[in-house]
Amino acid sequence: MTSSLLRPRGRVRTGPAPSVAAGGTEPTAILDWQHPRVTALVDAVRSGVSGQGADRSAALLRAAHGRIAASVRPVYSVRDDRPVSSVLRLGRGSCSQRLALLEAVARAVGVPTRVRGLLLDGAFWYPRFPRLRPLVPDQVVLAWPEFRLGPAGRADGWLSASELFGEAEESASRSTGGFSNDGAETLFEALSRTPLDWDGTASCPAGGGCDLSGHVLADLGRFDSRDDLFDRHGQTLCGTARLVAEPLLGRRSAGAGGSADRTR
């Protein structure tokens, strides 16, 4: 049984919400890409990517994803509003924080970003918290990034985070399995390997489990930035719960088979 007690009070999380968002490249409180730590990451990624136009931008973001996955340790931080420069300083971050870092890199190189707000069933995280289920929030707010890469993407130019690595059909054909939200691989790492489909439209391989639409409680719409999404709908946990949980979960490994309530 999940819990509604940890949810922010007074937030009505239902759709539909704004479905059209222009996105942007400006820095925000979370996406503070002008910070020297972030610009150093951008410079390092740029140095290893050639080409031009939308193809180069997509390749740069794929390279940035790989560098972030390798250098920022996955943890269960509950601070969705943490600036990405602080994530780099700490060297650890949740899937949400590492996705934000990928967005910051995109904005720094001139690729507009926006986010799609998804309200997920807290039970999606049961495999990672088998003995703490009563404390798992019943609703989890996920900011799923989208990147405007022009003609190389869909007709409107926007690609979701998974589509950076190929169209849904193409990703499904080379996938070696879906995503179960358990074990060493986190949501952030999985998006480069298998299509993470929140709409039930991808053709998943047999037993692949890439269709995650059954975990979506509501589509909250698209927002110009994750800052706007969290301003409107709040973070997953209320402020008091974040204050208590962050010291406990913010350092606990989410990868290498480490669940937060397992003895290591």
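Here are some questions and answers about this predicted model.

User: Happy to dig in! How many helices and strands does the protein chain have?
Analyst: Along the sequence, the chain reads α-α-β-α-β-α-β-β-β-α-α-β-α-α. Its secondary structure comes to 8 helices and 6 strands.

User: In what order do the strands of the open sheet stand?
Analyst: Let's build it from the pairings. S4 and S5 run antiparallel and are joined by 3 bridges. S3 pairs with S4 in the antiparallel sense over 9 bridges, and S3 also pairs with S6, again antiparallel, over 6 bridges. That gives an open sheet of 4 strands in the order S5-S4-S3-S6.

User: Which strands stand at the edges of that sheet?
Analyst: The order to look at is S5-S4-S3-S6. Strand S5 (158-160) and S6 each have a single partner strand, so one side of each is left without a neighbour in the sheet; the edge strands are S5 and S6.

User: Nice. Which residue of S5 is the bridge partner of Phe147?
Analyst: Phe147 is a good one to follow across the sheet. In S4, Phe147 stands opposite Thr113. In S5, the bridge partner of Phe147 is Leu159.

User: And which residue of S6 is the bridge partner of Leu120?
Analyst: S6 covers residues 216-223 and pairs with S3 in the antiparallel sense. Within S6, the bridge partner of Leu120 is Val216.

User: Why is strand S3 described as largely enclosed by the rest of the structure?
Analyst: Buried here means under 20% relative accessible area. S3 spans residues 113-121, and it is largely enclosed because the buried residues number 8 of the 9.

User: Which helix packs on the sheet, and what angle does its direction make with that of S4?
Analyst: Within the sheet, neighbouring strands are turned by 30° against each other on average, direction ignored. The helix packing on this sheet is H7 (residues 226-233), which touches S3, S4 and S6. The direction of H7 makes an angle with that of S4 of about 155°.

User: Let's go to the surface. Is Leu243 buried or exposed?
Analyst: Leu243 is found in helix H8 (residues 239-249). Together with Val244 and Leu248, Leu243 makes a nonpolar surface patch of about 340 Å². The cut-off for exposed is over 50%, and Leu243 has 67% relative accessibility, so it counts as exposed.

User: Finally, what percentage of the residues of the protein chain count as buried?
Analyst: The accessible surface of the chain comes to about 11300 Å², with 52% of it belonging to carbon and sulfur atoms. Taking the 264 residues of the chain, the part that counts as buried is 54%.

Technical notes: Residues numbered from 1 in each chain as written. Predicted model: local features only at pLDDT ≥ 70, side-chain atom pairs only at ≥ 80, totals over all residues. Heavy atoms only, no water. Buried < 20%, exposed > 50% of the residue type's maximum accessible area, 1.4 Å probe, protein only. Helix = DSSP H or I, 4+ residues; strand = E, 2+ residues; numbered from the N terminus. Pairing = 2+ DSSP bridges. Patch = residues over 30% accessible without salt bridge, like charges linked within 9 Å, V, L, I, M, F, W, Y side chains within 5 Å. Areas by Shrake-Rupley, 256 points an atom, 1.4 Å probe, with all protein chains shown as cover. Salt bridge = Lys/Arg side-chain N within 4 Å of Asp/Glu carboxyl O. Axes fitted to C-alpha atoms, helices over the stretch in contact; angles between N-to-C directions. Contact = heavy atoms within 4.5 Å.
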